[in-house]
Amino acid sequence: MFGLQGLIPAWAQTGSPGLRADLPTLTGPNIDLTVGHSNFTVGGRTGHAFTVNGMLPAPLLRMREGQNVRLSVTNTLDEDTSIHWHGLLLPFQMDGVPGISFPGIKPRETFVYEFPIRQSGTYWYHSHSGMQEAMGHYGPIVIDPAGVDPVGYDREHVLVLSDWSFMHPHEILAKLKKSPGYFNMQKTTLAGLLDGSDGMDLAERRMWAGMRMDPRDILDVNGTTYTYLINGHGPQENWTGLFRPGERVRLRVINASAMSIFNVRIPGLAMTIVQADGEHVRPAETDEFQISVAETYDVIVRPLEDRAYTIVSEAIDRSGMGRATLAPRLGMTAEVPPLRKVPNLTMADMGMGGMDHGSMAGMDHSAHGAAAGAAAAPMDHGAMSMRDPNNAPADMAVGVGVDMISPAPANRLGERPQGLQDVDHRVLVYTDLRSLEPNKDTRPPSRSMEIHLTGNMERFMWGFDGRKFSELVEPIRFELNERVRVTLVNDTMMAHPIHLHGHFFELVNGHDGHQPLKHTVNVAPGSKVTFDLTANAPGDWAFHCHLLMHMHAGMFNVVTVRPMEGAAR
Amino acid sequence: MSRALFAAVAVLPLMLAAGSALAQTHGGHAGHGAQAAPACPPQARSRPAPKPKPSAATPRVTPRVATDPHAGHDERGAQAAPAPAAAADPHAGHDMSGMQIAPAADPHAGHSMAPAADPHAGHDMSAMQTPAADPHAGHDMSAMAGGAPNIPTSVDAVGGRMVETPPPAAARAAPAHAADLLFDPAVMAASRKQLLAENGDVRTTAVLIDTLEAGFGDGEEGYSWSAQGWTGGDINRFWWKTEGEGALDGKLHEAEVQALYSRAVAPFWDVQAGVRQAFRPDGDDTTHLTVGVQGVAPYWFEMSAAAFLSTEGDLTARVEAEYDQRITQKWILQPAIEVAMSASDIPELEIGAGLTSVTAGLRLRYEIRKEFAPYVGVEWTRSLGDTADYVQARGLDPDAVRFVVGLKAWL
């Protein structure tokens, strides 16, 4: 425990009274960061970590909008490293992706990142080399606005959610390649059928088996190997942030996981969402929100009582949870809710959510509303193909790497996220997000494009439009300042947090003129998500699924913005 | 059984397996054959009539005449659907051409859907999607789409695969790689190569011991094994297989090793070809050329089928299937069946033409870890036809049952 404390930055240490100016946070204009090896201890076990300045998570970088920052990153490893400033708008060569922005940082080399800070909000940084990010190489960034902060608060805490495994990420990936269900210990079973605990009848099982799909394949890597961390603390270590009753506490929540999507709640406290991905949104009060990998949410809570509250970050497949505490005094704890029931994938997750209820009823040969019957029926007909190339653009490769093409992908931005359909409290949905500031670019998009998120679950292959990045794919090309409407179609039964570097896109969620700005969007299984993009950052940028293993397996591409006017000076 | 007839039988399982592999690849076209048929060639597929205002979304829903024989019941919907949509959409006027094509946009058009009791069944969707061909119309539909506008995608395109608008020419302006302007292009090239390798080119090496067991039955106590493994990427792999058996007192009866090139040809299927070498301390060692398929059939049946052609010209084949029934997360019951056949009499191997043997097994394993699972089970083997006569001639029972204890493992 004491060893652990040594490794954890002051702001993330348990009993943290919160972020105050006297805490040793790193601030600009000159910041030195050193990437190295450390031991990391959690749950009484110690493993090898990649860390920045010897800390996990890495030090908090606190900057102010309008300043210039010079970040000198020294690599003490024997392998290349890099730092990507996730969500920051900067010149492409400072974006930190080896092979796209720059050559990477060689062993014993120092690379100086230097750029003006053009925005405010909550962001984060992480390695874009190897799979160092899965081994501790990530940290938070807070940028204070140049002017008045529209969000009023008395105290703030950063909550870095992450996942830690003592298994090396390369070994995790190798296991998945050989046995894609390796980490899933929540599969449907005969016992679960007989005692009803699986919540799935025989007809439904048969339909899933007929497709060779697992209705419990929600997170590829999960609580069977991961300890879910909050600020580098496992559930037992119980990171505790302090407050005084009545204070408005701003929680800056960052999902810095490699492979984990969380449902976050604080039983007993309502949360008001004020920022998403660092951009202000019209305050939206909720009781639980889903945060996909690489997203950030800022929430305001106002605990009035002199009691402790448990912060729960539950993995969406309910295989484990992160746990922390908000309390008036150190040592106080609140009840930790048990893990909830494992959800099953639904028909919408199969890419059939786009069939309206009318047609669904028409196909439901059994009882109305019986999901199994409705789902099984289309499968029995040749016409409802789960892999019809006609449901994909002409340039999509429909080969081994594509085990499904959504036959009727639905826009699910207004739907409660996976596993939260039936909870008896409020849940944030993407359509609740409305940009506080009006959208700057009001031009209608001049063209639209469609990108399919594709995969083969059995072979653990992932890609865009049926191709892995390693297959020498054509980059995604935009003209400088071009306004394009991009629709992502998820042809898989897993969620994918899709991240575009160097830009914010506007989520087309019905709030015309106030579409929320995001750098990462979670595309629900079998669904489609549309965003409008103004490609205003010349250069080359990464575009990928932020589930690290999916990216490593090929779900990655380069976005080019040309001509280079105004860039690379 | 004549040689020719046998050849057909031997190859049949291969064809079946390959057939399902093909179905896997092409089955998707079946439902759309009718839609793809119209005379109107793809390049002639014009965009909807000139748009009266700048269109954001390139028209993705291209008009096609629905020739689907089942389109009949959709027709009613086509007439029924536009009404509410038109009311909701101030721009609906421009989009009526799109509206009319709606039925064909219905992915269920070819579906032998029971005529729904609800006359609007199956049509609401097209009503929602079509107006969205106009980017501005989409927002008007938000109430219907549950808050977020429903932007049409390829699924809504009619008659074959949607062709996207290419990026403007300026998007292709030099340089090919922006970072080459600022860093040594040679260094960047090396870095890009690394990036390619790290985003998709995952190589794996696996060793799978399917069975490693001791058997106890009426005859002698014996041991046997069956293992395989591979090295390679997602598509191309070097694959090896081995199996064999002997007496528990140490005498090896027969062993074989296969070295194969394996290529993924469909999402769930690999085709494998190579050589098999069999070793028989008491008989002839044989060498075969082999070709087969291996993969996962619907309902999670692990399948493999292979044909073997020996240097003597003897053709044999083997088909195997197994299934994992999870009782709990760790207790798994695995039924398995293997059928062997031969095109000809091979007296020196005591094999008769036709089906030579059937083996059915049932193994109950406990996964201490997923990679390490001891099991107990029972296996029944029956020799068939002339092969059974050979067995009987040696004074053995062509029908044998043995109990097995073993280990399934992988790494």
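Three exercises with worked solutions follow.

This is a predicted model, in which local features need pLDDT (the predictor's confidence in each residue, from 0 to 100) of at least 70, side-chain atom pairs count only at pLDDT 80 or more, and totals for chains, interfaces and linings use all residues. Residues are numbered from 1 along each chain as its sequence is written, while chains are lettered from A in the order in which they are written.

**Exercise 1.** Describe the overall form of chain A.

Step 1. The C-alpha atoms of chain A fill a box of roughly 65 × 55 × 45 Å along the principal axes.
Step 2. The radius of gyration, taken over C-alpha atoms, is 23 Å for chain A. The globule rule (2.2 Å times the number of residues to the power 0.38) gives 25 Å for 569 residues.
Step 3. The two values are close, so chain A is as compact as a globular protein of that length.

**Exercise 2.** Find the largest nonpolar core and a second one apart from it.

Step 1. A nonpolar core is a set of buried Ala, Val, Leu, Ile, Met, Phe, Trp, Tyr and Cys residues joined through C-beta atoms within 7 Å; buried means that 20 or more other C-beta atoms lie within 10 Å of the residue's own, with C-beta atoms placed from the backbone.
Step 2. The largest core has 182 residues, and Leu161(A) and Val253(A) are among those with the most contacts inside it.
Step 3. Another core, of 16 residues, lies apart from it and includes Val271(B) and Ala305(B).

**Exercise 3.** State how confident the predictor is in chain B.

Step 1. Chain B has a mean pLDDT of 75, and 64% of its residues reach 70 or more.
Step 2. Over residues 1-145 of chain B the pLDDT is below 50.

Methods:
Contact = placed C-beta atoms within 7 Å. Buried ≥ 20, exposed ≤ 12 C-beta atoms within 10 Å, placed from the backbone.
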